[in-house]
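Me: I have a structure open and want the reasoning behind its labels. Can we go through them one by one?

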Amino acid sequence: MTGETKWGCTHNERQPVSSTCAAIWAAPACLPRVSSIQLWWATRVHSPHHSLWSLQWPSTRLSANISPRFPGSQPFGSVPLTPVVSQPTVLQPYGPPPTSAQVTAQLAGMQISGAVAPALPPVGLGYGSPASLASASGSFPNPGLYGSYPQGQAPPLSQAQGHLGAQPPQRSAPPQASTFTSPASGGPRMPSMTGPFLPGQGFGGPSLSQPNHVSSPPPQALPPGTQMTGPPGPPPPMHSSQQPGYQLQQNGSFGPARGPQPNYGSPYPGAPTFGSQPGPPQPLPPKRLDPDAIPSPIQVIEDDRNNRGSEPFVTGVRGQVPPLVTTNFLVKDQGNASPRYIRCTSYNIPCTSDMAKQAQVPLAAVIKPLARLPPEEVSPYVVDHGESGPLRCNRCKAYMCPFMQFIEGGRRFQCCFCSCINDVPPQYFQHLDHTGKRVDAYDRPELSLGSYEFLATVDYCKNNKFPSPPAFIFMIDVSYNAIRSGLVRLLCEELKSLLDFLPREGGTEESAIRVGFVTYNKVLHFYNVKSSLAQPQMMVVSDVADMFVPLLDGFLVNVSESRAVITSLLDQIPEMFADTRETETVFAPVIQAGMEALKAAECAGKLFLFHTSLPIAEAPGKLKNRDDRKLINTDKEKTLFQPQTGAYQTLAKECVAQGCCVDLFLFPNQYVDVATLSVVPQLTGGSVYKYACFQVENDQERFLSDLRRDVQKVVGFDAVMRVRTSTGIRAVDFFGAFYMSNTTDVELAGLDGDKTVTVEFKHDDRLNEESGALLQCALLYTSCAGQRRLRIHNLALNCCTQLADLYRNCETDTLINYMAKFAYRGVLNSPVKTVRDTLITQCAQILACYRKNCASPSSAGQLILPECMKLLPVYLNCVLKSDVLQPGAEVTTDDRAYVRQLVTSMDVAETNVFFYPRLLPLTKSPIESATEPPAVRASEERLSNGDIYLLENGLNLFLWVGASVQQGVVQSLFNVSSFSQITSGLSVLPVLDNPLSKKVRGLIDSLRAQRSRYMKLIVVKQEDKLEMLFKHFLVEDKSLSGGASYVDFLCHMHKEIRQLLS
Amino acid sequence: MATYLEFIQQNEERDGVRFSWNVWPSSRLEATRMVVPLACLLTPLKERPDLPPVQYEPVLCSRPTCKAILNPLCQVDYRAKLWACNFCFQRNQFPPAYTGISEVNQPAELMPQFSTIEYVIQRGAQSPLIFLYVVDTCLEEDDLQALKESLQMSLSLLPPDALVGLITFGRMVQVHELSCEGISKSYVFRGTKDLTAKQIQDMLGLTKPAMPMQQARPGPPQEHPFVSSRFLQPVHKIDMNLTDLLGELQRDPWPVTQGKRPLRSTGVALSIAVGLLEGTFPNTGARIMLFTGGPPTQGPGMVVGDELKVPIRSWHDIEKDNARFMKKATKHYEMLANRTATNGHCIDIYACALDQTGLLEMKCCANLTGGHMVMGDSFNTSLFKQTFQRIFSKDFNGDFRMAFGATLEVKTSRELKVAGAIGPCVSLNVKGPCVSENELGVGGTNQWKICGLDPTSTLGIYFEVVNQHNAPVPQGGRGAIQFVTQYQHSSTQRRIRVTTIARNWADAQSQLRHIEAAFDQEAAAVLMARLGVFRAESEEGPDVLRWLDRQLIRLCQKFGQYNKEDPTSFRLSDSFSLYPQPVLLDSSSILADRILLMDTFFQIVIYLGETIAQWRKAGYQDMPEYENFKHLLQAPLDDAQEILQARFPMPRYINTEHGGSQARFLLSKVNPSQTHNNLYAWGQETGAPILTDDVSLQVFMDHLKKLAVSSAC
């Protein structure tokens, strides 16, 4: 029991993290309670639709009737019914597929309800049920506090009493109160509870109140305000309204809610809102879980920062869980790869596949082989083994690493991956010390570090030839749209200076990378920029059906040698096409041309494509506009994510073979079919950037910033990545931007420091607790100076025979990264709904398995989450309601495809903030404080209208201004005198010389610096049109597109878990 | 008219016509017995300094199937203002403009000295001449340099308003856009892909009236009513640009690895040139000038692969049908040639390389379009440079000696029909009453198209006498033929040259001597040679030789004087004596104390006998007392120079001496009267033996006589 925290009833009493391996959210122990939660949840979902509500209620009620017999399943079974009838889009995702039986049941229920309406009370009684009372009773620790309630609940109580004994009376009346009283376990600690608590509410209030609603057939008609305010008016504690009739009880149940809160010391400003919640007909539920009581991402992040941010993370010990990605920490490599390179979903792997299957926790590693390191950490040492090349196991070809075991006095070594015994070559021989370690272990990176590089020999090169330095080819759309938007002029101007900053290696003065230029519309123009020419020469290739490179000499040139010609070219391009009226473009031939150019030059490289429109010109890869929003939520929705034609896959394959990476900058004014256009970038390890409705004035900074970063970043070319594992597990699945022609080798035409590959492992044998599990990720690549290298990352994990060990060593952020990528790939082949259901089911199974096998026995009504995974539901919900899986009306097909492909190569930190945005209050902390203000949870309730907030998710950046922000603040930030004068949608803050302005702009800059893409700022005013856009990112709230709020989802998850357990 | 020789010469000078027979056998049967067909060599644009063109249009016979042009042979009724067509006997009214006509006031076309007359047509838009250079860049550096200089030089020779274009090729084909300043632009095509004319025009943006590239430069309205002229610009506008462009031309930059030939896309380059002109300037005078330095090695029209270890097809490969690419390549170039001819353009080929360049496959390009074909060792030779320069030579009027897009129509009087033509022409497939069913050469028509021609272009035209034996031509009757050549003059005027000739009929039985005396053996030899060559195109070599032999034997039988079975009695009259072997250059002429000058049209060889060579080596010519020797040495040089000045293409000029390696050019041509097989002359001053198995003229004539007198034949 010491290992668990009981929660819910005892939310304030979170135990010290150190001793916590699990948090139990103790829901009311008894069945009715659970059903009440469910009921409430359904209510909330439907509350906007009064009419539907009445439909729904009977069914719920039906289930409630049955609930005593089938406590686990029945009540939930009914839930889906409502959606079917009322709001399918909303509810579908969460419920099992509606069956006809259920529908019937529901209809029956309706009839009943209609007929029985007057007779409700009895039913209510039945429903109110002993169980609920029981739980309630258990949870009432402080009779004093709730003394006033007993009267309220008389009828149900009587039943409950049977269960609970002593204290039934209080419980139902003040639902909140009852909430807190929840399960037995929490009993003693109840008093300290701070927030209103959901389960109790749900149980007490809703279960009873709903009948009331139903009973009054036109509850919809009831002006919620009046209904609510009226009854609450009376002293909340009294709240006896329940007794007279259920109708009243409902009101009563809300009334008290307000009152008690202050008592509970509700800590957040949202409380007032809460208090105002109307009855079921209202948009907001009558009662709800206290959001403060459920696991808070902010809190978890803060705790980890405080606990682990100060000490360096030393990688020597096997199976250590690293600090969270949100924590700043230093890494000391002592034999395992830094978490900056590899993060795992779990650092303790079940020994057997049975265990793994039972737990359903995906075993995956998120690998970022070329991750950039903070300046304090050293990049991997380069080891040169001379002509013999890196030392490898003869059998499995694993590279020498710290886990290799030297035996026989150092003459041989046993491979840690396949156990093969290999001879140590004479030139590598070294004696062992008394511990069996080579005496030179600490002199050799490959024997002492988790990450290092080998210089590759010619055997590792294509065609057994050392590679030539790579090349960059800039391919610029010069069709009408590109010219008109000012893009071409801007780009050409920028390139003139940007070419001085091509990636260099080490201390070299000049980049080895050569550059080439192509412009195109529906034909391609190549440029000869040979240094000996006085003027560049343009070569037009109009045979787009059969693309080729028209020149070799003079196309790819050294920047400094050909500077004059290049400058002249970049000056002339905008002029040459200034009056173009060509609107059609080609696309596949452009990539083909770049690839052929690299092939002709026998080098790897990268294409930078700047493209504006759907390629409709007659050519291979020609596309048609097939955007069709009607497909959303149908079985054909997946086609929106699939490429229109197979031509791009074929092309991508050729690109990969050539080591030709494609970065795509899109500037669409309308649908461009990102799903198809991004196929090649995706499969070649490239990036896609999208600037919808590009205008130089508005988007210049963002585009140039992205471009600069993209051109300057260090890239590896023509790479192959292989993940080797010790016997027992095997890499089976890979996610990311790359191509695979077999099942083991990840081929990357290009790989930069932002790209990650997520690898999933499966058991193929038993693992051994003693030897653990080893991963070795080997990346063979060509550096930007043209050097062929191998980068090796090693990581040792623990193995366990106890499920608890698995759950204790998980990392939710990584898990979410994996699950998001898995789901985002799933939408290519399955209906989105199926994908969402799969995610929910898996999450439920993971948690249910924990509940069943690891948590100490407790009542089924308790939601118990493993400490390491307590954020899983909230994060998963964010994934579920992301644009890809649940698009809102304003999300375009291209946006979805774009996001889908972005997420595919995101690392853990990026997915973390992408799915759960950071919301920073700007005026809460003193201006002087140098540190970032502590974030708040992404919910509207957390916003105070007197404050200003920054919200970022790695792609977007909002500045939200509350309507009643102090005038001084407005003045110092926006240089206008009042809120109303602030321009909505502003994207640049005026540069003002005052501490607040400086601080905010500084903060924005630092946020941008943390992200791999430039985030354009949007200023949003409270109550403004743009606010809708902003609210989309308040992920704990219910979303307009039908995504559940955190609270709702948690309840649903609980339900699912219970279903699994029963 | 003193002799037939003079008559022939006179006619040739006036009309540019030479007949095999100048008195015609009057019946079909007799004509066939003459062995050598009734035929003529026609030089349509024979240079006539004394012939001012008339500035009006010709008067045509009103019979729709005739449309012969009024000529001096027509009967004219000056009072009734009527004229009778001498071909169809239709009586025609003179047009209103001729009202003033009378015996003393005749229009030029009625005057006998104007049997050849040239009309200038004033109608229709005049289109500029077009010169499209198609340049191989797979050349050695100095070769390319020389070619570039020649091309740059040629810009100054072109008429200033002529349009000029540039296509370069190697592994790729580049069509250069000439209209722009700043960045030089070119359209590039893969050298391996055969494109249709439509595709080429699409890709060059010629199918749409407006191209984006062009819009980028909204200049003055287009000067020509043509779709696009980005690739073809007036010389005076862009000669600076083009000079620079040519100057910057690089050798094909694609690497050629050891053991490979450079990839040369001649076939595609030519195809694009044809397609470009087809799309932009159909039926306008245009020259595609192909400069190539080696065989096409890739794409359609390739003649040999790029592997050096596989040699280019030899004569033996062709004989054994073992030349892999030949048929395909020939087909490709024929297709291009036909298209070019259809469009009225012509193709010149300037091939300079030491090895073969695939002219065999490409020859139809020049042949069917009336283009030049020039072969040399290198562009860096005077042979090429001067030949090329000579293309742009001007006549006494200051006009270029070139004409374009000509059609030649031949009309005959009733006793004759047209059997065909052999020369740089293609059939226009016009069937008329004067078209014979028997074809000799390109037949089945009485109209041909000659896309490019110059004052020396000559066609052989073959006729058939159709008059039946039993319907004799009245005594003194004459047969008439009218040649009508419509063409675009180099001044861009449309012109029509009309030549009307008449010859006497004679009854072969009674007047064979007349006919015999009017035989033009030179013309006949050329006409028969053309027939032989024409046959060789489609027949096996030995068959053609056998046919030629047979014709010769039959001719000798017909016109020789001999006693049966007595070869020694065989004699041929003067008018036939040279016909069997016109060349009188014998190995017996090669003597130590002689200097020989040989002109074989393509080669001019000066050969110093052994003794002369020794004298020269000893330097006698520099000694004042041997000045006459100096003159002796100089004389052939002067003669050669004279030939070199005028000849097109410039001949190979060889100055050699006894024992010199280049003496082979002489030895391969002389009649091998002395060979290693008949050594009887060894040790005497009798000339040089030739190492060959060919028979000498003496042996040949002996056999010929034997066969001619043999009754078995």
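Reply: Start with B:Pro649, which sits in the loop of chain B between helix H17 (627-646) and strand S27 (652-657). The model is predicted.

Me: What makes the peptide bond from B:Phe648 to B:Pro649 cis?
Reply: Its omega is near -10 degrees, and the bond is cis. Most peptide bonds are trans.

Me: What is notable about phi of A:Asn463 and of B:Val35?
Reply: Both are positive in a residue other than glycine. Phi is near 55 degrees for A:Asn463. For B:Val35 it is near 70 degrees. Most residues other than glycine have a negative phi.

Me: Where do A:Asn463 and B:Val35 lie?
Reply: Each is in a loop. A:Asn463 lies between strand S12 (451-455) and strand S13 (471-477) of chain A. B:Val35 lies between helix H2 (28-33) and strand S3 (39-42) of chain B.

Me: Why is A:Asn463 called exposed or buried, and what about B:Val35?
Reply: The relative accessible area of A:Asn463 is 69%. Exposed means over 50%, so A:Asn463 is exposed. B:Val35 has 10% relative accessibility. Buried means under 20%, so B:Val35 is buried.

Me: Why does A:Pro620 get a label between buried and exposed?
Reply: Its relative accessible area is 36%. That value falls between the 20% and 50% cut-offs, so A:Pro620 is partly exposed.

Me: What does A:Pro620 touch, beyond residues up to four places away in sequence?
Reply: It touches A:Val544, A:Ala545, A:Ala588 and A:Pro589. A:Ala545 is 75 residues away along the chain, yet the two C-alpha atoms are separated by 5.8 Å. A:Pro620 itself is in the loop between strand S18 (605-611) and helix H25 (647-658) of chain A.

Me: How many disulfides does the whole structure have?
Reply: Zero, over all chains. A disulfide is a covalent bond between the sulfur atoms of two cysteines.

Me: Why is there no bond between B:Cys364 and B:Cys365?
Reply: B:Cys365 holds the closest cysteine sulfur to that of B:Cys364, at 4.7 Å. The cut-off is 2.5 Å, so the pair is too far for a bond. B:Cys364 counts as buried because its relative accessibility is 9%, under 20%.

Me: And why none between A:Cys854 and A:Cys849?
Reply: Their sulfurs are 6.1 Å apart. A disulfide needs 2.5 Å or less, so this pair is ruled out as well.

Me: What makes helix H32 (residues 872-880) of chain A mostly covered?
Reply: Nine of its nine residues are buried. Among them are A:Leu872, A:Tyr875, A:Asn877 and A:Cys878. The buried residues of H32 pack against helix H18 (297-308), helix H30 (812-826), H31, strand S27 (863-866), H34 and helix H38 (1046-1061) of chain A.

Me: What share of chain A counts as buried?
Reply: 64% of its 1062 residues. The chain has 38 helices and 31 strands.

Me: Which residues touch the most other members of the largest nonpolar core?
Reply: A:Leu524, A:Phe526, A:Tyr807, A:Leu885, A:Leu950, A:Leu959 and A:Phe974, out of 152 residues. Helix H31 (residues 832-853) of chain A gives the most to this core, with eleven residues. A second, separate core has 92 residues, including A:Phe474, B:Ile167, B:Tyr187 and B:Leu276. In soluble globular proteins, nonpolar side chains tend to be buried together.

Me: What does A:Leu885 contact, leaving aside its neighbours within four places in sequence?
Reply: Its contacts include A:Ala823, A:Val827, A:Val835, A:Arg836 and A:Leu839.

Me: How many cavities of 30 Å³ or more does a search find?
Reply: Nine in the whole structure. About 240 Å³ of space lies in the largest. The second largest has a volume of about 90 Å³.

Me: What kinds of residue line these two cavities?
Reply: The largest has six nonpolar, seven polar and seven charged residues in its lining. A:Leu902, A:Met906, A:Glu910, A:Ser1012 and A:Arg1013 lie nearest its centre. The lining of the second largest has nine nonpolar, four polar and no charged residues.

Definitions and conventions. Residues are numbered from 1 along each chain as its sequence is written. Chains are lettered from A and ligands numbered from 1 in the order in which they are written. This is a predicted model: local features need pLDDT of at least 70, side-chain atom pairs count only at pLDDT 80 or more; totals for chains, interfaces and linings use all residues. Side-chain values use heavy atoms; hydrogens and water are left out. A nonpolar core is a set of buried Ala, Val, Leu, Ile, Met, Phe, Trp, Tyr and Cys residues joined through side-chain atoms within 4.5 Å. Buried means under 20% relative accessible area, exposed over 50%, partly exposed in between (1.4 Å probe, protein chains only). Helices (H or I, at least four residues) and strands (E, at least two) are DSSP runs, numbered from the N terminus. Contact means heavy atoms within 4.5 Å. On a 1 Å grid over the protein atoms alone, a cavity is a set of points where a 1.4 Å probe fits but cannot get out, and a pocket is an open set with protein on both sides within 12 Å along at least five of seven lines; lining residues have an atom within 4 Å of a point. Grid points are joined across faces, edges and corners, and a volume is the space filled by probe spheres set on the points. Ala, Val, Leu, Ile, Met, Phe, Trp, Tyr, Cys and Pro count as nonpolar, Asp, Glu, Lys and Arg as charged, and the others, Gly among them, as polar.
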